[in-house]
Amino acid sequence: MEILVCVKRVPDPAENEIEIKSDGSDIERDDLVYSVNEWDNYAVEEAIQIKDKVGGSVTVVTVGDEESDEVLRREMAMGADKGIHINDEALEETDGLGVAKALKAVVEKGNYDLILTGAQADDGAAQVGGMLAALLDLPYASLVNYIEIVDENTLKIGREIEGGNQEINEIKLPCVLSIQTGINEPRYVGIRGIRKVAGVEIPEMELSDLGLSEDEVAPRVKRLDYFIPEMGEGAEILEGDMEEIAEKLVELLKAKGGIK
Amino acid sequence: MSREIFAYIEHHDGVLDDSALELINAAKKIDESANVVALVFGSGDNLNKACEEAAKTYNTVWKIDKPDLSYPNAELIRPMLVNILPKGSVCLVPHDTFGIDLAPGLSVKMDVPYIPDVVGIDKVEGDKIIAIRQEYSGQVHTHVETDMANGIVITIRPGSFEPDESKSASGEIVDKSADAGDVEAKRKFIEIKEAEAGEVDITQADILVSVGRGIGEQENIELAEELAEALGGVVSCSRPVVDAKWLDHSRQVGTSGKTVKPKVYIAVGISGAFQHVAGIKGNPFIVAINTNPKAPIFQVADVGVVEDCIEFLPVLTEKVKEMK
């Protein structure tokens, strides 16, 4: 099976507190630790596991600046065979639809049976997979947490729905699936693995290579600013050293029925 | 001319989802004078029940009755919506596991802009709409702007708008099944697999010590267990802890886990993403312990402790034992 996985380099949620620049134009990016979007990492692991079962290849693609090269290499160190890097200034300010259009062009240059994305990324929009499927006229399922190969044309998939229940579907290939975290256990990638792929050539493409114009990827939906809303009252923050805080907290818990 | 706004109504076997009463207020925020039309898909008696219920809130209800819609398959509903929605429609859909499935592709097929997971409408000036979203799991908010002259698809985060409980409408139910057309999908719904019950039922607990990503590693969960034991409560968790397989899925609180209603909820190293907070009901006393003073959890908590939970938990557990 030929599988394409769309990945994105994002600030690592486990490593960062997100702060906003004083003019609200962007988040403070100077000291951020970046990594591959968590959902995408599960998608790549799933693709590799499918390849290990039925053969084929796994290609990872990203839309992003120079630095995005590192996440492609990381996913190749996991076991992806090829990387494709779409890097064009005109895409820096684009929206989800612009990214989906660029990915569509990549899909059409290949011959993929299965296209995976993460269910969502740092902006929480959860949109690119669904848009890509619609642009390609392919069947789509979101929030996929289980994949079983039925035959060469069909997958049985589980979607994670409310309450932790699972919605089982059959879907025809080729298709686009957005992958939910927890579907597998992504393998660990060591420094040695990353060194191994350090020299691998990763083709870079610009909009013109994809047959797209700047107008076609101009954002329809524009982010105007970042802001922190006027906070409500919020929590009463307990002050003091840890002993004092713990003492105050125990008193409160006692009063609220928090100790049996 | 006032705008036509459509609200996608979710129902479960004829019972309306909470979002059904919230979308009308989101619509009114976009255009006070809009005619808001409820879109209700399904089949048979359950659908009729849902339509009658929706008609108590919406002046117009479009009913789409198809035998293969007894379960809502977004891949079937999307092309039907394209068939029935007039040009220039504003279409509102709940941002949940169904909306995420349906809406992005719908905007592409209708060739209109898409704003996902909206938590507020800032302003509307003519065809320009400025909506409010969140990024980085609620750590920051953003204003986003687009032009809805040709229509728009917006998903609305559940719980972001007040429900309209007035039931003041006696709406007209219009059967649009024929206009929706006969469509086929390459994705077929098979069945629902119910989540397995775990050894501990967190939904029945009065005291929950809930751990998140901030607990750092699996071994540290013991610290939470020790506190829970001292308090007479049990340990629950947020999603990353289950993804890492540190705790069983039956312990997860949130939209994709369990809905809990304890008296006291102690959130340990949990940032407070809306999917998690949505699983905490019954207005418990919430304590948040987190190193990041800006974590969204402090907005919903009653009391906050800005400390590293790994250092603070043992101190707290000792104090509980000492003072109880």
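In this predicted model, the two domains of chain B meet through just a handful of residues: six from domain 1 of chain B are in contact with seven from domain 2 of chain B. On the domain 1 side, that patch breaks down into four polar residues, one nonpolar and one charged. The assignment puts domain 1 of chain B at 4–180 and domain 2 at 202–323, and the centres of the two, taken over C-alpha atoms, sit 34 Å apart.

Within the range assigned to domain 2 of chain B, strand β17 (residues 285–289) of chain B is mostly covered, with four of its five residues buried. β17(B) has strand partners to look at too. Strand β16 (residues 264–268) of chain B runs parallel to β17(B), joined by five bridges, and one pairing there puts Val264(B) opposite Phe285(B) as bridge partners. Strand β18 (residues 303–305) of chain B also runs parallel to β17(B), this time over three bridges; here Ile289(B) is partnered with Val305(B).

Turning to the contact between the chains, chain A puts in 70 residues and chain B 75. On the chain A side, the elements giving two or more residues include α4 (128–136), β7 (140–151) and β12 (222–227) of chain A. The top contributor is α6(A), with nine residues. By class, this side of chain A has 36 nonpolar, 19 charged and 15 polar residues.

Strand pairing also crosses between the chains: β12(A) and strand β10 (residues 140–147) of chain B pair antiparallel over five bridges. Asp225(A), for instance, has His143(B) as its bridge partner in β10(B).

How values were computed: Residues are numbered from 1 along each chain as its sequence is written. Chains are lettered from A and ligands numbered from 1 in the order in which they are written. This is a predicted model: local features need pLDDT of at least 70, side-chain atom pairs count only at pLDDT 80 or more; totals for chains, interfaces and linings use all residues. Domain bounds come from an automatic or database domain assignment. Ala, Val, Leu, Ile, Met, Phe, Trp, Tyr, Cys and Pro count as nonpolar, Asp, Glu, Lys and Arg as charged, and the others, Gly among them, as polar. A residue is buried if 20 or more other C-beta atoms lie within 10 Å of its own, exposed if 12 or fewer, and partly exposed in between; C-beta atoms are placed from the backbone. Two strands pair if DSSP finds at least two bridges between them.
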